[in-house]
Amino acid sequence: AILDRVEAGSMTPRAGADAIAADVQPRRADTLARLRALPPPPPALDGLRAQVISAFVVSMAANEATMAHLRAGGLPTNDPSSPLHVRATNIKAAMLARMAAVAKPLHIAVPPPTQLWP
């Protein structure tokens, strides 16, 4: 929503970067710390926590790059070919595929990545 507001002109690029730094990054850092503090998962979920942590780390790096771009006066871009975007998308897709495989026998639906990330 922040990038949409910057693109629409209702928020300056600098204000968008400041909002990401003040709100998005601290929430992700807090979530990342909580994930790292969790006890080891059951064997059926082995490796899943590592994928989730990796997705958060890459997303935070992508946010840092976006903030630098905005602070330089650039308009937001959601470039699907940027290395960080591709890497984050691949990690998230693998994570969701793993979750879906574990959840299917339990009759729990896991949405495909396209429903969660553009």
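In this predicted model, Asn63 has a relative accessible area of 12% and is therefore buried, the cut-off being under 20%. Asn63 is part of helix H3, which covers residues 48–71. Leaving aside residues up to four places away in sequence, Asn63 is in contact with Ile20, Val24, Gln25 and Arg28.

Ile20, Val24 and Gln25 also appear among the buried residues of H2, the helix formed by residues 13–37. Other buried positions in H2 include Pro13, Gly16, Ala17, Ala19, Leu32 and Leu35. The cover over the buried residues of H2 includes H3 and helix H1 (2–8). H2 contains 25 residues, and its first and last C-alpha atoms are 35 Å apart, close to the 36 Å expected at 1.5 Å a residue. A kink of about 35° is nevertheless present in H2, with its centre at Ile20, one of the residues touched by Asn63.

Pro111 lies in the segment that follows helix H4 (83–103). With a relative accessibility of 30%, Pro111 is classed as partly exposed, because this value falls between the 20% and 50% limits. The C-alpha atoms of Pro111 and Leu96 are 7.7 Å apart in space, while the two residues are 15 residues apart in sequence.

Confidence varies along the protein. The mean pLDDT of the protein is 80, with 86% of residues reaching 70 or more. H2 has the highest confidence, at a mean of 90, and H4 the lowest, at 77. Where pLDDT is low, predicted coordinates should not be read in detail.

Definitions and conventions: Residues are numbered from 1 along each chain as its sequence is written. This is a predicted model: local features need pLDDT of at least 70, side-chain atom pairs count only at pLDDT 80 or more; totals for chains, interfaces and linings use all residues. Side-chain values use heavy atoms; hydrogens and water are left out. Helices (H or I, at least four residues) and strands (E, at least two) are DSSP runs, numbered from the N terminus. Buried means under 20% relative accessible area, exposed over 50%, partly exposed in between (1.4 Å probe, protein chains only). pLDDT is the predictor's confidence in each residue, from 0 to 100. Contact means heavy atoms within 4.5 Å. The expected span of a helix is 1.5 Å times one less than its number of residues. The bend at a residue is the angle between axes fitted to the seven residues ending there and the seven starting there.
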